[in-house]
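User: Please take a close look at one part of this model, and then tell me how some other parts are arranged. I am a first-year student, so plain wording is best.

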Amino acid sequence: MTDLAAVKAALKTQAVETPSWAYGNSGTRFKVFAQPGVPRDPREKLDDAAQVHRFTGVAPTVALHIPWDKVDDYAALAKHAEERGVKLGTVNSNTFQDDDYRLGSICHPDAAVRRKALGHLAECVEIMGATGSRDVKFWFADGTNYPGQDDLRARQDRLAEGLAEVYALLGDDQRMLLEYKLFEPAFYSTDVPDWGTAYAHCLKLGPKAQVVVDTGHHAPGTNIEFIVTTLLREGKLGAFDFNSRFYADDDLMAGAADPFQLFRIMYEVVRGGGFTPDVAFMLDQCHNIEAKIPAIIRSVMNVQEATAKALLVDRDALAAAQRDGDVLEANAVLMDAYNTDVRPLLAEVREELGIDPDPMGAYRRSGWAERIVAERVGGEQAGWGA
């Protein structure tokens, strides 16, 4: 039998980092639909993120994206966050929105472009020190569109050399998180296309380099939970970017397309000893047609629900069925946990944390949505156009 008190205690320790860019205007390559009340600067993004933490109780940090969130005084930005009850989290780089990066960034055939990209990555490490962040996260759009466009092995050599240079800048308590993506924007070859490539580079770099699993960055049918358990087994799972997809990297709300998959992933995290601060739970989402803050609140809740169900799996009964080769019973144990309505349990957890048991309803009643629409008039909204 599962110890409900232990499950509740574990849920109270959960932390889900929200992304600053999810509070701004974003969308597809076809169109970005602007919304009233969207933040105009990093401080207003933090104000919105504070509301997510206020109503969920488990979103205490906010990831930054440079240069989207670049400011002159990061200590002041960190103070602004703390005054609102949150902290600055992972620092994300951007080597994909500059004309110089048309043929890649740290894998580019031109040494001058590589140097420019490495300068930006070093800047992100420096910002991480200024904000007190533990992690810097790299995702590279680098790749090729045509056979023969560039030497595939040489690009891997450049990648390894560049990552090693940045790795050497890390402090004792800092980590480099390397993200992979199956394809896009390069369509013939991608320089970090899968977990194996990311793992190989991180393994060579050392213990401060870890792999990020973005749940939207895989081919349809990929067994992501197998990847998770393998990286945990090797001590190389550093973080998740939770989102949901129907085709490719849709960046929809976590658990929206396949909540059962999210549950299966979370079970492997729990079973593999990954439910610790060493594995960062982060959202990486871009909300196009839905309201930003409620979508992020719902995403956090979906991660909580999947985690609660994973914690409810009767692991002794599951192990017994597996030892006996009882295929149906083993599957039934998992399904019993997945089919449990954990919303009442999470409502109790929230009440014990001193927050409203209904985060979505509490946000609607707070008046924050109406307030930001009225106050954030004029100026340039944060986000990117398409």
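**Helix α6 and other elements**

Analyst: Helix α6 covers residues 195-205, and its buried residues are T197, A198, Y199, H201, C202 and L205. The model is a predicted one. Here, a residue is called buried when its relative accessible area is under 20%. The cover over the buried residues of α6 includes two helices, α5 (152-167) and α7 (224-233), as well as two strands, β6 (175-179) and β8 (209-214). After α6 comes G206, which has a positive phi, near 135°.

Next, a strand. Strand β3 spans residues 87-92, and 5 of its 6 residues are buried, so the strand is mostly covered. Its pairing with strand β2 (residues 61-65) is parallel and has 4 bridges. In one of these pairs, L64 is matched with V91 of β3.

Last, a pair of helices. Two packed helices are described by the angle and the distance between their axes. For helix α9 (residues 292-311) and helix α13 (residues 359-366), the axes come within 10 Å and cross at roughly 160°. Angles over 145 degrees count as roughly antiparallel, which means that α9 is roughly antiparallel to α13. The crossing of α9 and α13 is right-handed. On the α9 side, the contact is made by I293, P294, I297, R298 and M301, and on the α13 side by P359, M360 and Y363. Sorted by class, the contact of α9 with α13 has 7 nonpolar residues, 1 charged residue and no polar ones.

Technical notes: Residues numbered from 1 in each chain as written. Predicted model: local features only at pLDDT ≥ 70, side-chain atom pairs only at ≥ 80, totals over all residues. Heavy atoms only, no water. Axes fitted to C-alpha atoms, helices over the stretch in contact; angles between N-to-C directions. Parallel < 35°, antiparallel > 145°, perpendicular 65-115°, else oblique. Left-handed = near helix turned anticlockwise from the far one by under 90°. Contact = heavy atoms within 4.5 Å. Nonpolar A, V, L, I, M, F, W, Y, C, P; charged D, E, K, R; others polar. Buried < 20%, exposed > 50% of the residue type's maximum accessible area, 1.4 Å probe, protein only. Pairing = 2+ DSSP bridges.
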